[in-house]
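Hello,

Here is the structure I promised to pass on to you. Please have a look at it first, and then read on for what I found in it.

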Amino acid sequence: MELVLAAAIGILAASGVWLLLRPRTFQVIIGLTLISYAVNLFIFSIGGLRTGADPVLHEVAGDVAQYTDPLPQALVLTAIVIGFATTALFLVVLLTSRGLTGNDHVDGEDGTP
Amino acid sequence: MPDNLIPGAILCLPFAAAVLTWLMRERGHNRAAWLMTATALLGLALSLWLAPAILAGAVLRQTIPWAGSLGLDLVLRVDGFSWLMMLLVCGIGALVGVYARYYMSPDDPLARFFALLLAFMGSMLGIVMSGNVIQLVFFWELTSLFSFLLIGYWHNGASARDGARMALIVTSGGGFCLLAGMLLLGHIAGSYELDAILAAGDAVRAHPWYTPTLLLVLLGAFTKSAQFPFHFWLPQAMSAPTPASAYLHSATMVKAGVFLLVRFWPVLGGTAEWSWIVGGVGLVTLILGAYAAMFEQDMKGVLAYSTISHLGLITMLVGLGSALGVVAAIFHIVNHATFKSSLFMAAGAVDHEAGTRDLRKLGGLYRVMPVTATLALVAGAAMAGVPLLNGFLSKEMFFAETLAARQGPLLDAISVVIAVAASAFGVTYSIRFVRGVFFGRMPADLPREPHEPPLWMRFPIGFLALACLLVGVLPGRVIGPTLRAAAGAVLGADTPAYSLAVWHGLTTPLLMSVFAFVAGCLLFASLRRRFDAIETAPLTSRFSGRRLFERALAVFAADWPQRIERLYPSRRLQSQLLWIVLLALLAGGLAATTAPLDFRPHWPSVDPAFALLWLLGAACAIGAASQAKFHRLAALVLSGGAGLVSCASFVWLSAPDLAATQLLVEVVTTILILLGLRWLPKRIAGYAPEGWRQRFRRRRDIVIAMAVGVGVASLAYAAMMHPVADSISRFFLERAYAEGGGHNVVNVILVDFRGFDTLGEISVLAIVALTVFALLRRFRPAAESISAPEQQRQQTVLENGAPGRAADHSLTDYLMIPGLIIQLMAPVIVLFGLHLFLRGHDLPGGGFVAGITVAVALILLYMARGARWVESRLRVLPLRWIGAGLLLAVLTGLGSLAFGRPFLTSHFQYLELPLFGDVPLATALLFDLGVFATVVGATILMLIALAHQSLRRPRQAPTAETGGQG
């Protein structure tokens with residue numbers, strides 16, 4: 001389990017970083033999306049992986065060990081929403097840069113339009 | 001009202017009035033002026049109410065607790081000295097209010113002017129009443145800020161802007177030093193309370209940090225009070241409207257520095273360092289200011305340099321080190337404030353009536369404005385130190401103190417000579433000021449026909465001139481008790497005996513005065529022509545502090561930053577990102593070598609199904625990476641696939657809340673990017689030839705990316721295998737139901753335990769949405785930058801070719817069936833969103849998920865039916881949603897304050913509702929409703945703003961505004 005998830009995080013991060021270093025705005029935006037998946041999974045996994053644990057408290061709470069760790073979940077939940085907001089912002093910056101420079105290069109300097 | 005509540009009232013009044021003035025800015029300038037005068041008079045009356053207690057030697061204290069654990073409370077402390085300053089600030093404030101009503105032109109934005117003056121008054125009162133030194137620095141900086149705004153009031157003039165900037169940089173830089181000094185002082189004394197620091201004088205002076213502390217505090221005081229070598233900002237500040245100059249730059253704000261010196265004299269004074277620095281700086285400023293004032297041609301310039309000189313005199317008095325010197329300093333603070341602000345107002349009146357302030361152009365105004373001339377004559381005589389006026393008394397005390405000082409024979413002689421010389425210069429510039437304006441021949445070519453200013457403009461000048469006279473004739477009666485209370489408050493039991501009599505007999509100080517007076521008159525008589533002939537003061541003008549300052553500003557604010565920027569390797573994003581990634585890689589690698597983690601693979605735990613799932617996910621990720629350049633849609637779909645796989649992993653790993661949120665965010669993000677895709681230029685594989693450079697770069701990046709991947713994977717694995725310490729999660733699990741009233745711990749954390757974080761987060765969301773909206777409105781790509789899609793062009797050709805067809809005919813039944821389904825489903829989706837919202841506290845769901853769900857319903861409608869269809873039927877007001885959501889969240893948080901609980905404390909109970917049964921009702925639900933509304937508004941705002949970019953314009957008006965707003 002851990003091994004698979006760790007490999008997955010690594011592949012997501014690697015793909016994201018590769019795209020991050022590309023010259024086109026769209027590549028960078030997809031790269032950031034992939035990196036945010038990797039980071040979210042990473043933060044989520046910090047508390048250890050649990051399958052089949054209860055995410056919601058029972059009427060009689062009982063032992064806390066039977067529940068999943070809520071803290072990383074709360075952190076990642078906000079991270080997902082903020083990630084959405086930054087993606088939107090970046091997309092608009094992309095459009096703006098496209099409007100101002102006439103091309104989709106991250107530095108706005110490109111021979112081809 | 002009990003006495004100890006009055007300080008708070010006095011402090012709050014001006015600020016409240018400032019806000020009020022600002023709010024009623026449409027209602028003419030009369031009200032603003034009278035409001036200012038009334039506020040100042042009320043402050044004065046309240047201060048006078050305290051008179052019996054203060055004159056009896058009491059110290060009033062009012063503490064408003066704030067961050068007590070840090071030693072920071074709002075402490076207002078009024079003793080005799082601060083009371084005297086309060087009388088000055090309020091009294092002169094009232095006069096300035098009356099004066100400014102007639103001085104300022106109704107065409108100026110007067111509400112701003114009076115609001116700033118009022119706010120300044122409040123800040124100045126804050127300085128003198130502060131019982132906590134950090135609080136003192138706070139108000140200190142506020143006065144710098146309002147002074148900046150007032151100097152730059154006529155911001156169309158370059159000199160006003162430059163003067164304002166210079167004053168702000170010098171005084172707030174000094175304020176920064178003061179803060180550091182106060183922190184040190186508080187550290188040494190063990191408390192930031194003024195009383196504790198005043199009591200810790202011996203400990204402070206004996207401390208090894210005494211010298212740095214002293215220097216920092218003095219830097220603050222010297223910059224504020226325009227002492228050499230920081231004096232240059234004050235003449236530049238004369239671009240301020242004259243009422244502001246009279247108030248801030250002669251009577252009150254510049255006195256804050258010497259106020260501080262007097263206030264902290266018992267703590268920091270009495271040492272050799274103090275005498276040398278304070279006395280020396282005061283001496284230099286005294287003579288330099290008086291010297292430069294003689295050569296000024298601008299009336300306000302003369303007064304500005306004279307103010308510098310008199311502030312130097314006060315500083316020197318404090319620096320001499322005797323208790324009598326401190327008494328004289330306090331006395332001169334008051335005297336200088338009265339005669340100098342009256343002279344400033346007179347200068348303003350002349351400027352107002354004659355249209356110029358140039359001493360060379362003016363003259364003989366006595367004949368046309370006799371009252372103003374007489375008043376200015378009285379105040380000018382006080383400035384020169386003529387007997388029977390207040391300036392004479394404090395100057396006598398000053399001479400007596402210089403004679404009594406014992407710093408060594410040579411130094412004593414020098415200071416006596418300089419004191420007499422500066423005094424003679426003072427006589428010279430006073431004569432030049434009064435004679436040059438009011439006597440002699442009246443020039444024929446004045447810009448305006450001068451006549452006497454209105455009565456109420458003369459009144460403040462007259463009042464202050466009368467005060468000069470009264471204090472000068474009957475000092476014991478008029479100012480005696482107040483001065484005794486002020487001196488007693490500073491000096492305590494050490495208050496020396498002094499006499500305020502006008503006539504002390506034929507003493508050495510009197511002889512010095514007479515000598516200075518005669519010398520000054522002779523100097524004026526002999527150099528009269530020369531003063532008029534030269535532009536700047538000889539000798540000193542070469543060392544212009546102003547030029548040095550501008551030079552330094554150019555070096556520090558332009559040259560150096562440019563040089564540093566040139567050191568930076570690149571301005572290009574690509575190489576910057578490369579550096580960031582490489583540095584992160586390096587840091588991670590170093591950390592891995594120093595703290596080895598357990599990387600041993602643990603094969604048996606691998607679940608084949610999970611592995612298969614991620615095989616798909618990995619393929620999606622790599623596919624997205626490889627396709628993002630030429631096949632953007634494919635890349636988007638593939639990255640969505642990776643998102644879905646991570647969503648499935650959340651389900652697998654018992655995190656349903658995350659899975660739901662991730663799924664919905666995935667949907668919205670995809671729609672968002674789809675909307676943006678259209679605006680990107682087409683890119684075809686193999687179109688542009690690829691050089692070796694690109695190939696090299698690509699290979700290099702693949703290596704870097706793989707290194708990052710391996711690093712992150714091992715780190716993640718090590719982190720997962722690391723035994724989990726007992727974290728605070730246990731706390732949340734145990735208290736979620738008991739104290740938060742919810743079974744869904746994640747949601748309870750979000751809306752209750754960590755509600756403040758969530759509040760911050762929805763604020764970020766709202767800000768981003770507004771930014772998106774604003775950016776798109778302002779910078780959207782021109783519609784013609786992208787040609788219409790292939791399909792649309794074909795369709796247009798087809799329709800144009802077929803006569804009798806309406807425009808966009810083929811779109812009439814576009815997506816008919818899906819559109820109908822979506823239209824029917826939209827309410828259901830909204831209902832589902834509400835369901836998610838309501839159950840959020842106990843089951844997976846909550847404000848975030850519900851908000852996005854509702855937004856999805858709406859955006860589906862947009863997609864299926866088109867923006868115009870939706871907007872003609874549904875009023876979507878995303879901005880209202882955002883505003884209402886944020887407001888609700890904040891108000892819910894504030895609600896708990898009403899019950900005496902901290903911000904965002906939640907309360908819950910179960911409510912029995914018919915049909916629904918037990919419904920958990922927590923105030924957290926209201927907060928979550930705020931989150932919900934904000935998320936709905938923000939998401940819709942972003943999506944709609946983008947959608948409107950691609951809105952098809954009606955073909956009938958092809959030249960219409962690009963994009964259009966539907």
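Between chain A and chain B there are 2 salt bridges. In one of them, the side chains of R632(B) and D104(A) come together, with 3.1 Å from N to O. Please keep in mind that this is a predicted model, so all of this describes a prediction.

Polar contacts also link the two chains: 6 residue pairs are in polar contact between chain A and chain B, both residues at pLDDT 80 or more. On the side of chain A that touches chain B, helix 1, helix 2 (25-46) and helix 3 of chain A each supply at least two residues. Helix 3 of chain A gives the most, with 24 residues. Sorted by kind, the residues on this side of chain A are 53 nonpolar, 18 polar and 11 charged.

How many residues does each chain bring to the contact? Chain A brings 82 residues and chain B brings 104 residues. Together, the two chains bury about 8500 Å² between them, and carbon and sulfur atoms give 78% of that area.

A word on confidence, too. Chain A has an average pLDDT of 84, and 92% of its residues score at least 70. Within chain A, confidence is highest in helix 1 (residues 2-20), at a mean of 93, and lowest in helix 3 (residues 70-101), at 87. Where pLDDT is low, the predicted coordinates should not be read in detail.

Enjoy exploring it!

Best wishes

Note on methods
Residues numbered from 1 in each chain as written. Chains lettered and ligands numbered in written order. Heavy atoms only, no water. pLDDT = per-residue confidence, 0-100. Helix = DSSP H or I, 4+ residues; strand = E, 2+ residues; numbered from the N terminus. Contact = heavy atoms within 4.5 Å. Buried area = accessible area lost by both parts, 1.4 Å probe. Salt bridge = Lys/Arg side-chain N within 4 Å of Asp/Glu carboxyl O. Polar contact = N/O pair within 3.5 Å; in protein donor to acceptor, adjacent residues only side chain to side chain. Nonpolar A, V, L, I, M, F, W, Y, C, P; charged D, E, K, R; others polar.
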